[in-house]
Structures are given as C-alpha cells and as structure tokens.
Amino acid sequence: MDLTTNVTGLQLRNPTILAAGILGSTASSLKRVMSSGAGAVVTKSIGVALREGHPGPVMIQTEHGFLNAIGLANPSYHEFTHELKEAKGEVPVIVSIFGRNAEEFKEVALGLIGAGPDAFELNLSCPHAEGYGASLGEDPNEVEKITRAVKEAVNVPVWVKLPPLTSIVKSGLAAQKGGADAVVAINTLPAMAIDIESRFPVLGNISGGLSGAAIKPVALKCVYDLYAALNIDIIGVGGVSSWRDALEFILAGASAIEIGSAVYEDMDVFRHISEGIARYLQDTGCDLEDVQGAAVR
Amino acid sequence: MHAEITQIVNETPSTQTFFFDLYLGHVPGQYVMVWIRGVDEIPMSLSYSNAITVQKVGDATAALFKLGKGDSFGIRGPFGNGFSLEGKSILLIAGGVGAAPLGSLAEKAKGNNIRVKTILGAKSAEELLFKKRFDNAGDLMIATEDGSLGYPGLATELVDELDLAKYDAIYSCGPEKMMFRVLNIAEGFDVLSRVQFSLQRYVKCGLGLCGMCCIDPSGLRVCRDGPVFRGDQLVGTEFGQYTRDASGKRVKL
Ligand SMILES: Cc1cc2nc3c(=O)[nH]c(=O)nc-3n(C[C@H](O)[C@H](O)[C@H](O)COP(=O)(O)OP(=O)(O)OC[C@H]3O[C@@H](n4cnc5c(N)ncnc54)[C@H](O)[C@@H]3O)c2cc1C
Ligand SMILES: Cc1cc2nc3c(=O)[nH]c(=O)nc-3n(C[C@H](O)[C@H](O)[C@H](O)COP(=O)(O)O)c2cc1C
C-alpha cells in the first residue's frame, strides 16, 4: 500500500512525523527515529542563544499524559548547524525554531539555512517560556508578522505551529495570510501538578504543558476547525498513539500527523501506525486522499 | 513519591548516604530522579534499595547535603536497565563515587554465590567509598592517587596487571576517562561484550522522551536504554570523547 504523502511539496514515505522536542536534540537520535519508520522528523526548537532550560523536574508522567516544562533548552543555532548537517538522511528534516520576535526568528532561520533544512516549523506555541511560543501565537498580528519575515527570508516551506486556543482559527488564518505553507496543531496545553505532601508545584517551572492521550480530543477539534477554515496543509499533533488516532486526524483534515509522547511506550510507533493506516486503506479500498477531511461536514 | 530521610551516613569527606523510608525493588545500576524541592531534580543511582550515595558537586547536591533526618525529597523511579549479573566469577572496577551502584551489585553477586573481585580507586584513602562492602563481598584491591592506601596510582593501572579473559563479566563505574581506559584494555583482551559500563550523561526527563542524553552515533538513550551499556555498544561512539551540557552542546572530555 502506497502511503506516500505530499506535504507542502515535501515527499513523505508515510504521513507520520516525529513531533518537535521529542528525541530531537541530536542527529543520532533523529536518525534512530528515521530508522524506526517515521516519514519525516522535526527537531527540538532552536533559538538564537544557548539555553539550559528550566530547573527540574522538567517532565513527569501523570495518569493520562505527560507534563513538561523543558524550557526551550538548546545549544543555539550556531552549534546546531553541525547537528543538522549530520541529521540529513533518509527522510525530510524539519527544523523547529523559536524567537522573541520576527527578527530573532529570521536570524535563526538564516543561520540554519546553509545546513540544509527541508522546512522550518515556527514554534509559536510553547506554553512555558515567557516571551516566546504561545505568548506570540496567541496574537494574530505577531503570527502574521513572524510568518512573513521567515517566509521572505528563506526558500523552503514554512510551517507554523499553533497553541490550542479557542481562537486557534484566527491564528491559523493569520499564519496563512503571512504566507505559511502549513499549520501544525497543537502544542501542549497549559497545565500543572502539585505534590500534596510537600505542597510544592511539581514542575521546576511551576507549570508546563500537558501532552499525550489526554489532549487528543482537543487537538482533533483544532484540526477539524482549521481544515474547515484554511486552504493550506494542516498537520495534526496531540495524543496520537495508534493508527486509529492517526486516522481520526486524517479524517478531520490533517495531511500528516506528528507523534511525540507515544514514543514513550513504543519507539517503533511510526512503523506501527503506518502499517495500521495501510491496512485500513486496503480493507476499505480507499487511498489517503479519499479519507483526508472525509469527516468534515 | 515522597521519601523521608531516616538516616544519613558520612561515607567519605565528600559523600553521604541518605537512607529513606521506601524500599524500591531495584536492579543494581538503576537510578532514581531525586527532586530537591525548589532547587532541581537530579539522577542518582540506588546504592541500596532504600538509599542514595551522593557526592557534593553543585547546587542541587549542596541543597541535599543541607537536609537532615526527618526531612524529605521527591523521588521517581527506579529507572534504567541496571547491570545484568552473569557468570561465576566477576570483576568490579570502581572509581570515586562510581562505587555507588557497584556496592549493591557486589552484595547481590555474593548472595548468588558468584566470586567477586573489586578494584576500588579514589584520590586518597579517606575518599574510598564502600571499602567494607566490597571487602565483605570478596577480594578487594585498592588504588589511591596520593598513595595513602594500597597501590599508589590509578585503578586502571591495577587492571593492566590482570588477565581480563579470566572473568565471566566485568562491571565498571567511575570517571569516564577511567572507564574509557577499561574499554581499551578490554578491547585488547577481546572481551568487550563481557564488560558493562554505567554511563553518566545529562539526564533531564528520565523517561526517554526529551532526548538530551542520547549517545552518538547510535542514538541510544542513557536514561532509558542505559545507563548500563556493554563495551561492544560503546566502541566507536562519543564515549571517552565528549559529553553534552544542559543545553545539548557538546563538551570535550
Ligand atoms: C544515571 C546516573 C546516576 C548517577 N548516580 C550518582 C550517584 O550515585 N552519586 C552521585 O553523587 N552522583 C551521581 N550521578 C551524578 C549526579 O546526577 C550529578 O552529580 C548531579 O546531578 C549534580 O547536580 P548539582 O546540581 O549538584 O551540580 P551542578 O552544579 O548542576 O553540575 C555539576 C555537574 O554535574 C553534572 N550534572 C548536573 N545535572 C545533571 C543531570 N541532571 N544529569 C546528569 N548530570 C548532571 C554535570 O556534569 C555538571 O557539570 C549520576 C548521574 C547519572 C546520569
Ligand atoms: C518533552 C517535550 C518537549 C517538547 N518540546 C517542544 C519544542 O521544543 N517545540 C515545540 O514546538 N513543541 C514541543 N513539544 C510539544 C510536542 O511537539 C507536541 O506538540 C505535544 O507533545 C503534543 O503531542 P503528543 O501528545 O503526541 O506528545 C514538546 C513536548 C514534549 C512532551
């Protein structure tokens, strides 16, 4: 069964993509994910300067998902160019980048372009780093401005990753207006946990982002709404751990899905999901295009 | 989980063992993430099923050293693979605080009637960790850099004298330079697959998701696929060459 998918001009061997920030800091781990079947990989978000991230705990497992506040730890784009060059391999490498404003985003994109990224994913959605991510993604003007700045600076596809808000369609439309080739929905949801013995918030940063199974229904609605309103590619992310989850997102209009937390249970989740999608298509006598957006009524 | 400190033992001038009120069923070599509230969360090997043995090196460990009996910290785990105990006669090579996970391995081996020989190294006699535990578990050879006890020099110089082919399995934990030397010696004896090393890398999430502790070029995660790796998994990797800091930047060893 052919699962080849075209997303913003990139040929993916299947529609499963490693989500930003999961095993994405080094070339070797990105390559390990490629060999476990992913159709493409997204790197850890990279910025202008070295950041050590938040103090620990930076991540915990909860009953229904994970909480994380890594805090955009990264070695800066200067250092990451070596990693990116080495990461280039079997499948497209999409580089996630972040900044405080349009200038910083542009600087990072231009700094990395020489190392050959296949696309950029703009992190306008991280919920736990002040002045970055979601604080920009919630403002449609900033979304449009930043998207346009990067789009004008580079000649590779630009994806815009959005935070899960009730106004996500507004931000999505702003990204489209700024020239985005795709939107990616969603990042983690703002969340926290408290240790009842010590009465301390558990994350070093006090609060962070919820990922995993718990957020799937939220992400699915975001994708559904964006698909109805936008005419660029939508990439679904949030709680995908099985081929059935992946198909829900495709039925809601996603061209591809990113997978993060589910790597915890299964390193080969990409292969397993692709196999499941292939079986479903075979059984139903459809191809991917027939299914994509089929639930949007 | 909430761990209340039940007893603190001064092991050496720089290390203390913190016993707590939980018994974690663990494989020697497994570690826990220790949350010193309001400061940081750091990985620590279990030196007993109810204790960690800590060397004071920075903020989080200094904060831990300020705690007393009755105080508490948060704990997640045990995590990682731990040492796999094999054969009838084994060799342990420990350097400095690297003796922490090997102490409980030595005791488990003795309990299984495995012959244990240990080479224990430290800067000075007073810095030798778990001397008694290793002595009780079998044969002990000591090396101190200042010559205050045992062989004057590095632990690896004692390893040089041994026929590594005689041991069914070899276990090593200590400074990476020391372990890298052990790797080279083992390569000379063609026994790489019989040596198990416990690695130290910057462990952030402990769950195998953030990817900060992956080793090049295999992408194996120290926090989840390790921290224990066999010599044949480490040949030709970053091991002995470089590590990474909290940002993911490479740092030469
Ligand atoms: C699997 C594993 C088991 C360990 N077991 C023990 C043990 O039994 N006893 C012991 O004393 N130490 C152990 N360590 C090392 C211990 O985690 C560090 O010494 C501790 O994190 C230092 O924290 P700090 O805030 O005091 O120091 P900092 O000032 O933050 O850093 C000092 C140095 O410690 C290291 N370090 C800091 N944070 C981390 C981290 N999150 N992960 C890994 N290294 C870090 C870095 O190399 C750094 O340069 C282990 C490490 C690992 C990975
Ligand atoms: C440990 C961790 C680190 C993450 N880091 C980033 C990041 O650097 N940039 C980003 O855009 N999203 C980041 N995310 C969000 C994920 O890419 C993804 O949007 C989210 O986890 C939801 O997907 P999932 O439920 O499949 O994990 C991170 C998530 C986790 C769990």
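This is a short tour of a predicted model, going from a strand in chain A to the two ligands and then to some backbone oddities.

**Stop 1: strand β7 of chain A**

Start by selecting residues 93-97 of chain A, which make up strand β7. Five of its five residues are buried, so the strand is mostly covered (buried here means under 20% relative accessible area). Turn on the side chains and look along the strand: A:Val93, A:Val95 and A:Ile97 point one way, while A:Ile94 and A:Ser96 point the other way. Both sets are buried.

Now bring in the neighbours. Add residues 40-42 of chain A, strand β4, which runs parallel to β7(A) and is joined to it by two bridges. For a landmark, find A:Val42, which stands opposite A:Ile94 of β7(A). Next add residues 119-123 of chain A, strand β8; this one pairs with β7(A) over four bridges, again in the parallel sense. The landmark here is A:Phe120 of β8(A), the bridge partner of A:Val95. To see how the chain gets from β7(A) to β8(A), show helix α3, residues 102-113 of chain A: the path goes through this helix, and the β-α-β crossover is right-handed.

**Stop 2: ligand 2**

Stay with chain A residues and select ligand 2. Which residues come closest to ligand 2? They are A:Ala20, A:Ser45, A:Lys161, A:Gly239 and A:Ser261, out of 23 residues that surround it. By type, the shell splits into nine nonpolar, twelve polar and two charged residues.

Three backbone contacts are worth drawing as distances:

- A:Gly212 has a polar backbone atom 2.8 Å from an oxygen atom of ligand 2.
- A:Gly260 also offers a polar backbone atom, 2.9 Å from a ligand 2 oxygen.
- A:Ile186 places a backbone N or O atom 3.0 Å from an oxygen atom of ligand 2.

If you switch on a surface, keep this number in mind: on its own, ligand 2 has 610 Å² of accessible area, and the protein covers 98% of that.

**Stop 3: ligand 1**

Jump to ligand 1, with chain B residues shown. It has 20 residues around it, and the nearest are B:Pro43, B:Thr53, B:Gln55, B:Ala60 and B:Thr61. Begin with B:Pro43, where a backbone N or O atom sits 2.7 Å from an oxygen atom of the ligand. B:Gly58 brings a polar backbone atom 3.1 Å from a ligand 1 oxygen. For a side-chain contact, pick B:Tyr202: an N or O atom in its side chain is 3.3 Å from a nitrogen atom of ligand 1. The protein buries 78% of the 860 Å² that ligand 1 exposes when taken alone.

**Stop 4: two side-chain pairs**

Select A:Thr16, in strand β3 (residues 16-18) of chain A. Its relative accessible area is 0%, so A:Thr16 is buried. Add A:Asn14: the two side chains make a polar contact at 2.6 Å.

Over in chain B, go to B:Gln16 in strand β2 (residues 15-20). Is B:Gln16 buried or exposed? With a relative accessible area of 14%, it counts as buried. Its side chain makes a polar contact with that of B:Asn10, at 2.9 Å.

**Stop 5: a helix residue out in the open**

For a contrast, pick B:Gly188 in helix α5 (residues 176-188) of chain B. B:Gly188 has 67% relative accessibility, so it is exposed. Measure across to B:Ala143, 45 residues away along the chain, and the C-alpha atoms should read 22 Å apart.

**Stop 6: backbone oddities**

Some background before the last picks: most residues other than glycine have a negative phi, and most peptide bonds are trans.

Check the bond from A:Gly56 to A:Pro57, which is cis with omega near -5 degrees. A:Pro57 belongs to the loop between β4 and β5 (59-61) of chain A. Chain B has a cis bond from B:Gly77 to B:Pro78, with omega near 0 degrees, and B:Pro78 is in strand β6 (residues 72-79).

Now for phi. A:Leu23 is in the loop between β3 and α1 (27-35) of chain A and has a positive phi near 45 degrees. At 1% relative accessibility, A:Leu23 is buried. Finish at B:Phe130, in the loop between β8 (115-122) and α3 (131-137) of chain B. Its phi is positive too, about 65 degrees, and B:Phe130 is buried at 5% relative accessible area.

How values were computed. Residues are numbered from 1 along each chain as its sequence is written. Chains are lettered from A and ligands numbered from 1 in the order in which they are written. This is a predicted model: local features need pLDDT of at least 70, side-chain atom pairs count only at pLDDT 80 or more; totals for chains, interfaces and linings use all residues. Side-chain values use heavy atoms; hydrogens and water are left out. Buried means under 20% relative accessible area, exposed over 50%, partly exposed in between (1.4 Å probe, protein chains only). Two strands pair if DSSP finds at least two bridges between them. A crossover is right-handed if, with the strands pointing away from the viewer, the path from the first strand over the helix to the second runs clockwise. A residue is near a molecule or strand if one of its heavy atoms lies within 4 Å of it. A polar contact is a pair of N or O atoms within 3.5 Å; within protein, one must be able to donate a hydrogen and the other to accept it, and residues adjacent in sequence count only if both atoms are side-chain atoms. Accessible areas come from the Shrake-Rupley method with a 1.4 Å probe; for residues, only the protein chains shown count as cover. Ala, Val, Leu, Ile, Met, Phe, Trp, Tyr, Cys and Pro count as nonpolar, Asp, Glu, Lys and Arg as charged, and the others, Gly among them, as polar.
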